[in-house]
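The following exercises ask the student to read a protein model step by step. Each task is followed by a worked solution.

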Amino acid sequence: MEWSNVTWFLTALGAVVVLITRVRLGGTVVDGTGHGAGRHGYSAILLRLHTIVGVVTLIGWVVALITGQRGIALIVLAGWWALTVVGLLLLARWLPSGGKHSEDAQSDSWGSGAGLSVLGHVGMLLGVCYFTFVAVTDRL
């Protein structure tokens, strides 16, 4: 197995997840809260944090891959894990609520339901587990 090919491919997919999350939710922020697809709103700060951490992490990770520096990769792993946690928090907007005044799930033009979000963010979790394996075992 060629580790670098898989690593570069998953890095590109990580960039796509960050970009699509920003595009999908970026236009729905009003007065600091988002009311896009899902059952609940989300904080504009959470979306901004996801985008900033994502861009900085991607840049750092690409530098680590190009230079082959394990130290940089280990530091950037913290960014990958933070990005994954923030993404999963954004994904939580799809969780059903059983309250008496709860609203039905909202959909958008990206698809019905949470399928795309689940695919992206659970895939990101698996990818970050792989990145951790690659960095810790020095297979950059």
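**Exercise 1.** Determine which residues have the most contacts inside the largest nonpolar core, and which elements build this core.

*Solution.* In this predicted model, the largest nonpolar core has 18 residues. Those with the most contacts inside the core are W61, A73, L77, W80, L83, M124 and F131. Next, assign the core to elements: α1 (3–26), α2, α3 (70–91) and α4 (115–136) each give two or more residues. The largest share, 6 residues, comes from α4. In general, nonpolar side chains of soluble globular proteins tend to be buried together.

**Exercise 2.** State which residues M124 touches, leaving aside its neighbours within four places in sequence.

*Solution.* With contact taken as heavy atoms within 4.5 Å, the partners of M124 are G14, V17, W80, L83 and T84.

**Exercise 3.** Test whether the span of helix α2 agrees with its number of residues, then list its buried residues.

*Solution.* Helix α2 covers residues 44–67, which makes 24 residues. At 1.5 Å a residue the helix should span 34 Å. The end C-alpha atoms of α2 are 35 Å apart, so the two values agree. The buried residues of α2 are A44, L47, H50, T51, V53, G54, T57, L58, G60, W61, A64 and L65. Just after α2, G68 has a positive phi of about 70 degrees.

**Exercise 4.** Describe the order of the elements and the extent of burial in the protein.

*Solution.* The protein has 4 helices and 3 strands. From the N terminus on, their order is α-β-β-β-α-α-α. Of the 140 residues, 35% count as buried.

Technical notes: Residues numbered from 1 in each chain as written. Predicted model: local features only at pLDDT ≥ 70, side-chain atom pairs only at ≥ 80, totals over all residues. Heavy atoms only, no water. Expected span 1.5 Å × (residues − 1). Buried < 20%, exposed > 50% of the residue type's maximum accessible area, 1.4 Å probe, protein only. Core = buried A, V, L, I, M, F, W, Y, C linked by side-chain atoms within 4.5 Å.
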